[in-house]
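Subject: Structure handover

Hi,

Here is the structure I promised to pass on. Please open it and keep it in view while you read my notes.

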Amino acid sequence: QVAGIEKKYRKDRLLEARTYLLHPMKNIHFDERFPGNGDHITSRSSLYTLSFIGLLIMLMAIINYVNLSTALAVTRSREVGIRKVMGGNRRQLNAQVYIETACVVLASVILAMALAAAVLPYVKNFMVVQDRLNLFNGGNMIFILAVFLATVLLTAAYPAFVMGRFSPVDAIKNKINTSRLGGISVRRALVVLQFAFSQVFIIATLISAGQMKFIRNADLGFSKESVLLVPVNKDNYEAFRNELVRRPDVKGVSFSFDAPSSGNSWETNFAFDRMEDRDFSVRLKFADAAYPEVYGLKLVAGRFYGESDTTREYVVNETFLKKVGVTDPQEAIGKMLRIGGSIPKPVVGVIRDFKTASLHEGVPPIVMGPRKQFHSIVGIKLNSSNLGRSRDEISKIWDRLFPAFVFDARFFDDNIRRFYEREERLSSMYKIYALLAVIISCLGLYGLISFMVVQKTREVGVRKVLGANLGNILYMFSREFTILVLIAFVLAAPMAWYIMQAWLQDFAFRATPGAGVFLAAIGMSILIAWLTVGYKAWQAARVNPVNSLRAE
């Protein structure tokens, strides 16, 4: 129907060149092509990633509870035996375990909601939120209830199964121990799974931090420092230029359609050498002759075009030559180039490739030329130790010359930084999630080693009597957990590699994670495990063996 309306009411020469697209409004926040959305742009993969991370952290907490519940089930064996002798059945025991678990989870939900309400104002430090966030609305409460029920079911199922299998005779005689539970291998598997999750977070954090460092230090092909960008009133900006060039803190002034790196995606058809349209389009950059000096662009061959109000000659980039099949930049000099339906004009220079947008995108073929009517921004290269003061003084000049227009200036490097705000926020959140994962892992490990120390009190006493020193006792406790952490790393490394490679695929230019990332992750995990286990093991090793043996 839109196409029919187009044909009925549009009679100009651009009819065949225009195409109208329809797009669901619910998808506009997932498409960067739509203007006016500000920072409310994200990707579905980011939302899925954050949801997946939240699920993993919940699973780690559930694993902790299951581990500690099954370990402590031994201490409740006599209670279970008496209940069974007095007529209690497995269903009643299961109900008891589920009710106890529900009470613990309910207490944690209440505490979590209080903490969430306290930290909610600080969420804006990690994501762009313009409206006031309401935690306690209907949708969130239904979600919290669903999480509560799912957590209770997943957390209580295995402990209830273990306690329901206790023989009442053995339970009353207190003959049930960890070796008879048959759950040691299960608990070890859960510890491995938990540490695998935490190591995935650590590796992901290290890789994302490495990519953000790569972005900050990447060679963009131009100079972004100390350049002030000001949208101009193109009807009368010569007076503004004259005022600027007289200032000692201004090194150069260039008027253009946009900066070298911007949101501009103005593309068109073209013909090069042979006057037949090529099967790909080129990106247009209209700018005056001072453009390369202000932004630090480098020539590969030929020269830059001269000062002019209209386009008389063109400059192209290296990618343009690769796409049209020219290997030697010198060969392109003097060749004729036609843009759209205009008159062909000569190519006079080739510039080194520069990044026109974020590092998510590759470098497009670019054609540059002067065209005063499209100049809408001025780039001011400053030579000042106090950029803020220079900006304020230029603002006063603007207000004097253009009192009807707002001075809306930004520094070029701030503009570029905005390309990666989403990635910076995700990187910060990865660090928080990694810290949470490590803390949860340490809590679970600390609980298990505490239980093991109690179970091995007599063994430690006997070993010390037979001559074992502090190092021997520490080695005894830490050896098993070190092996489990290493097994967890074997599982985590390929998983983290796959996930982060998928994340890095969004960048046309990216860092390559080396072996150092994985060595650092395993080193950190082992160190954290040793510190967690070592404290309780050190306490156990310092106990007088006489007291240890007498206690049992």
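Start with helix α9, residues 238–245. Helix α9 lies across β2 and β11 (377–382). Its direction is about 160° to that of β2. Keep in mind that this is a predicted model.

Now the sheet behind those two strands. Which strands form it, and in what order? There are 4, and they run β2-β11-β1-β12. The sheet is open, and its pairing is antiparallel. Strands β2 (250–256) and β12 (410–411) stand at the edges. Each has a single partner strand, so one side of each is left without a neighbour in the sheet.

Look next at how β12 is held to its partner. Strand β1 covers residues 227–231, and 2 bridges join β1 to β12. These two strands run antiparallel. One pair to find on screen is L228 with its bridge partner F411, which sits in β12.

Next, two tyrosines.

Is Y314 buried or exposed? Y314 belongs to strand β7, residues 314–317. Its relative accessibility is 4%. The cut-off for buried is under 20%, so Y314 counts as buried. Leaving out residues up to four places away in sequence, Y314 touches L337, I339, S342, K345, P346, V347, V348, G349, V367 and M368. Try F286 as well: F286 and Y314 are 28 residues apart along the chain, and their C-alpha atoms are separated by 9.9 Å.

Y498 is the other tyrosine. Y498 is found in helix α17. With a relative accessible area of 63%, Y498 is exposed; the cut-off there is over 50%.

Y498 also belongs to a nonpolar patch on the surface. The other members are F52, L55, M495 and I499. Together, the patch residues have about 490 Å² of accessible area. Which elements give two or more residues to the patch? They are α2 (44–72) and α17 (470–504). Helix α17 gives the largest share, 3 residues.

Last, the whole chain:

- The chain has 19 helices and 12 strands.
- Of its 552 residues, 43% count as buried.
- The chain exposes about 29900 Å², and carbon and sulfur atoms supply 60% of that area.
- Take the contacts with a separation of 6 or more: residues 24 or more positions apart account for 79% of them.

Begin with α9 and the sheet, then go to Y314 and the patch.

Best wishes

Note on methods:
Residues are numbered from 1 along each chain as its sequence is written. This is a predicted model: local features need pLDDT of at least 70, side-chain atom pairs count only at pLDDT 80 or more; totals for chains, interfaces and linings use all residues. Side-chain values use heavy atoms; hydrogens and water are left out. Two strands pair if DSSP finds at least two bridges between them. Contact means heavy atoms within 4.5 Å. Axes are lines fitted to C-alpha atoms, for helices over the stretch in contact, and angles run from 0 to 180 degrees between N-to-C directions. Patches are made of residues with over 30% relative accessible area and no salt bridge: like charges are joined within 9 Å, nonpolar side chains (Val, Leu, Ile, Met, Phe, Trp, Tyr) within 5 Å. Accessible areas come from the Shrake-Rupley method with a 1.4 Å probe; for residues, only the protein chains shown count as cover. A salt bridge is a side-chain nitrogen of Lys or Arg within 4 Å of a carboxyl oxygen of Asp or Glu. Buried means under 20% relative accessible area, exposed over 50%, partly exposed in between (1.4 Å probe, protein chains only).
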